[in-house]
Amino acid sequence: MKTRYNRSIIILTLLAVLSACATSESKTEATLYDRLGGKEAIQAVVSDFVDTVGADKRITNQKVADRLKVIDINRLKELLTEQVCMGSGGPCKYTGRDMKTTHVGLQISNQDFDYVVDDLVKTLDKYKVPEKEKNDLLAILGPMRPDIVEVQ
Ligand code: HEM
């Protein structure tokens, strides 16, 4: 009788330990930042992405083209890297302006935005970023659309 009682206690204790392990494991799931490969990987993707957008002939917005000609592209890449790093849970602080202030007056359309998203997807595919990480990143950037798009 006593042995059976002891065995039950041991089994219950083991179950409690196992469930605690399972909980703590789900709490320490890697951040998107880590899953993307960290700062250097993000930097590489962002750099290629910005170059791809700059060369995208589908984007015929003259105000955007004119602005891209006069700004420091390396600084833009730096800021975008900070933004993605911070947004994905990494150890960075975004030091740029908010999205509304940054893009005001550029008359960016939903179509322009869609082309930029398409360029990002193509770049992520080029770097073989898996589907889940790609979707997680798009889910962070997608909600910024209303602050960036100004015209139909
Ligand atoms: C989710 C989508 C986007 C994000 C996260 C994003 C992010 C950024 C960031 C971080 C900057 C630099 C901020 C600063 O200078 O303080 C920037 C600048 C800029 N973005 Fe975007 N952007 C997005 C979409 C677009 C689209 C769709 C276009 C045009 C087709 C665009 C065109 C520009 C231009 C021209 C600048 C330079 C503005 C300037 O310095 O005067 N962006 N963007």
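Helices (H or I, at least four residues) and strands (E, at least two) are DSSP runs, numbered from the N terminus. The model is predicted: local features need pLDDT of at least 70, side-chain atom pairs count only at pLDDT 80 or more, and totals for chains, interfaces and linings use all residues. Residues are numbered from 1 along each chain as its sequence is written, and side-chain values use heavy atoms, without hydrogens or water.

**Exercise 1. Find the protein donor of the ligand's iron atom and place it in an element.**

Step 1. Look for donors, meaning N, O and S atoms within 2.8 Å of the metal (3.2 Å for Na, K and Ca); water is not among the atoms, so sites may look incomplete.
Step 2. The only protein donor is His103, through NE2, at 2.1 Å.
Step 3. His103 belongs to helix α6, residues 99–103.

**Exercise 2. Describe the shell around the ligand.**

Step 1. A residue is near the ligand if one of its heavy atoms lies within 4 Å of it. There are 22 residues around the ligand; Arg67, Gln83, Arg97, Thr102 and His103 come nearest.
Step 2. Check N or O pairs within 3.5 Å, the cut-off for a polar contact. A polar side-chain atom of Arg67 is 2.5 Å from a ligand oxygen. For Arg97, a polar backbone atom lies 2.9 Å from an oxygen atom of the ligand.
Step 3. Assign elements. α4 (62–70), α5 (73–87), α6 and α7 (110–126) each give two or more residues to the shell. α5 gives the most, four residues.

**Exercise 3. Locate the disulfide.**

Step 1. Search for cysteine sulfur pairs within 2.5 Å. The whole structure holds one disulfide.
Step 2. Cys85 and Cys92 form the disulfide, with sulfur atoms 1.9 Å apart.
Step 3. Read the handedness. At 75 degrees about the S-S bond, the Cys85 and Cys92 link is right-handed.

Definitions and conventions
A polar contact is a pair of N or O atoms within 3.5 Å; within protein, one must be able to donate a hydrogen and the other to accept it, and residues adjacent in sequence count only if both atoms are side-chain atoms. Ala, Val, Leu, Ile, Met, Phe, Trp, Tyr, Cys and Pro count as nonpolar, Asp, Glu, Lys and Arg as charged, and the others, Gly among them, as polar.
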